Amino acid sequence: MTHAEDGDAPVDDHLRQLLIEELHRARHGYGLAAEFAGEGSEFSPSCGDAVTVRVGPDGFSWEGNGCAVSMAAASALGATSVDDFRMLVDDYLASVAPGAPAVPGELEPFAGIGRFPLRARCATLAWRAARTALAAADA
């Protein structure tokens, strides 16, 4: 994947769509782990997307259904370690706002997606569920 890093041009809309589709198909972390320390779920009443996230010894696992954006964001979460999640979650959640700086790597395609308000909710659904799951695990 080509991402904007070290001064490269930002991801254009066509490339953004391709990268989101690639993450959607990859489904990193899909399938809820039997062994887990915390679980969180989020549902979007505006579009019907839903996701459940578990955090366990092997990181994040998830199940859900929804649009390509929400499932791609869940897949990106599944490819993120718990330590990286702790460092990235606030920046990622902020990055979906229009004009916000991107989080480099697999999360970059979601930067600024908030210019479409429903898509911002979709892009953050799994990450908000993961924050709940991690808080339960840490309790």
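This briefing describes helix packing, cysteines and selected residues in one protein structure. The model is predicted. Three helix pairs are treated here: H1 with H2, H3 with H4, and H2 with H4. A search of the whole structure finds zero disulfides, and the two cysteines discussed below are cysteine 67 and cysteine 122.

**How helix packing is described**

- Two packed helices are described by the angle between their axes and by the distance between those axes.

**Helices H1 and H2**

- Helix H1 covers residues 13-26 and helix H2 covers residues 68-78; their axes come within 7 Å and cross at roughly 65 degrees.
- That angle makes H1 roughly perpendicular to H2.
- The crossing in which H1 passes H2 is left-handed.
- On the H1 side the contact is made by Ile20, Leu23, His24 and Ala26, which meet Ala68, Val69, Met71, Ala72, Ser75 and Ala76 of H2.
- Sorted by class, this contact of H1 with H2 contains eight nonpolar residues, two polar residues and no charged residues.

**Helices H2 and H4**

- H2 also packs with H4, at an angle of about 35 degrees and with the axes 8 Å apart.
- H2 passes H4 in a right-handed crossing.
- From H2, the residues Val69, Ser70, Ala73, Ala74, Ala76 and Leu77 meet Arg119, Cys122, Ala123, Ala126, Trp127 and Ala130 in H4.
- The contact of H2 with H4 has ten nonpolar residues, one polar residue and one charged residue.
- Val69 and Ala76 of H2 appear in the contact with H1 and also in the contact with H4.

**Helices H3 and H4**

- Helix H3 spans residues 82-95, and helix H4 spans residues 117-138.
- The two helices pack at an angle of about 135 degrees, and their axes are 11 Å apart.
- H3 and H4 are therefore oblique to each other.
- H3 passes H4 in a left-handed crossing.
- In H3, Val82, Phe85, Arg86, Val89, Asp90, Tyr92 and Leu93 take part, and they meet Ala123, Thr124, Trp127, Arg128, Ala130, Arg131, Leu134 and Asp138 in H4.
- The residues of this contact of H3 with H4 divide into nine nonpolar, one polar and five charged.
- Ala123, Trp127 and Ala130 of H4 take part in the contact with H3 and also in the contact with H2.

**Cysteines 67 and 122**

- The sulfur of cysteine 67 has its closest cysteine sulfur in cysteine 122, at 3.5 Å, which is too far for a bond.
- Seen from cysteine 122, the closest cysteine sulfur is that of cysteine 67, again at 3.5 Å.
- The pair does not count as a disulfide because the sulfur atoms are 3.5 Å apart, whereas a disulfide requires them to be within 2.5 Å.
- Cysteine 67 is buried, with a relative accessible area of 17%.
- Cysteine 122 is buried as well, with a relative accessible area of 2%.
- Cys122 is also one of the H4 residues that meet H2.

**Residues in the loop between H1 and S1**

- Arginine 27 is located in the loop between H1 and strand S1 (38-43).
- Although arginine 27 is not a glycine, its phi is positive, at about 50 degrees.
- Arginine 27 counts as partly exposed, at 28% relative accessibility.
- Glycine 29 also has its place in the loop between H1 and S1.
- With a relative accessible area of 27%, glycine 29 is partly exposed.
- Glycine 29 and serine 75 are 46 residues apart along the chain, and their C-alpha atoms are separated by 6.4 Å.
- Beyond its neighbours within four places in sequence, glycine 29 is in contact with Phe60, Ser61, Trp62 and Gly78.

**Residues in helices H1 and H3**

- Glutamine 17 belongs to helix H1 and counts as partly exposed, at 48% relative accessibility.
- Glutamine 17 and proline 109 are 92 residues apart in sequence, and 7.6 Å apart in space from C-alpha to C-alpha.
- Serine 95 lies in helix H3 and is buried, with a relative accessible area of 0%.
- Not counting residues up to four places away in sequence, serine 95 touches Ala100, Pro101, Ala102, Val103, Phe110, Ala111 and Gly112.

Definitions and conventions:
Residues numbered from 1 in each chain as written. Predicted model: local features only at pLDDT ≥ 70, side-chain atom pairs only at ≥ 80, totals over all residues. Heavy atoms only, no water. Buried < 20%, exposed > 50% of the residue type's maximum accessible area, 1.4 Å probe, protein only. Axes fitted to C-alpha atoms, helices over the stretch in contact; angles between N-to-C directions. Helix = DSSP H or I, 4+ residues; strand = E, 2+ residues; numbered from the N terminus. Parallel < 35°, antiparallel > 145°, perpendicular 65-115°, else oblique. Left-handed = near helix turned anticlockwise from the far one by under 90°. Contact = heavy atoms within 4.5 Å. Nonpolar A, V, L, I, M, F, W, Y, C, P; charged D, E, K, R; others polar.
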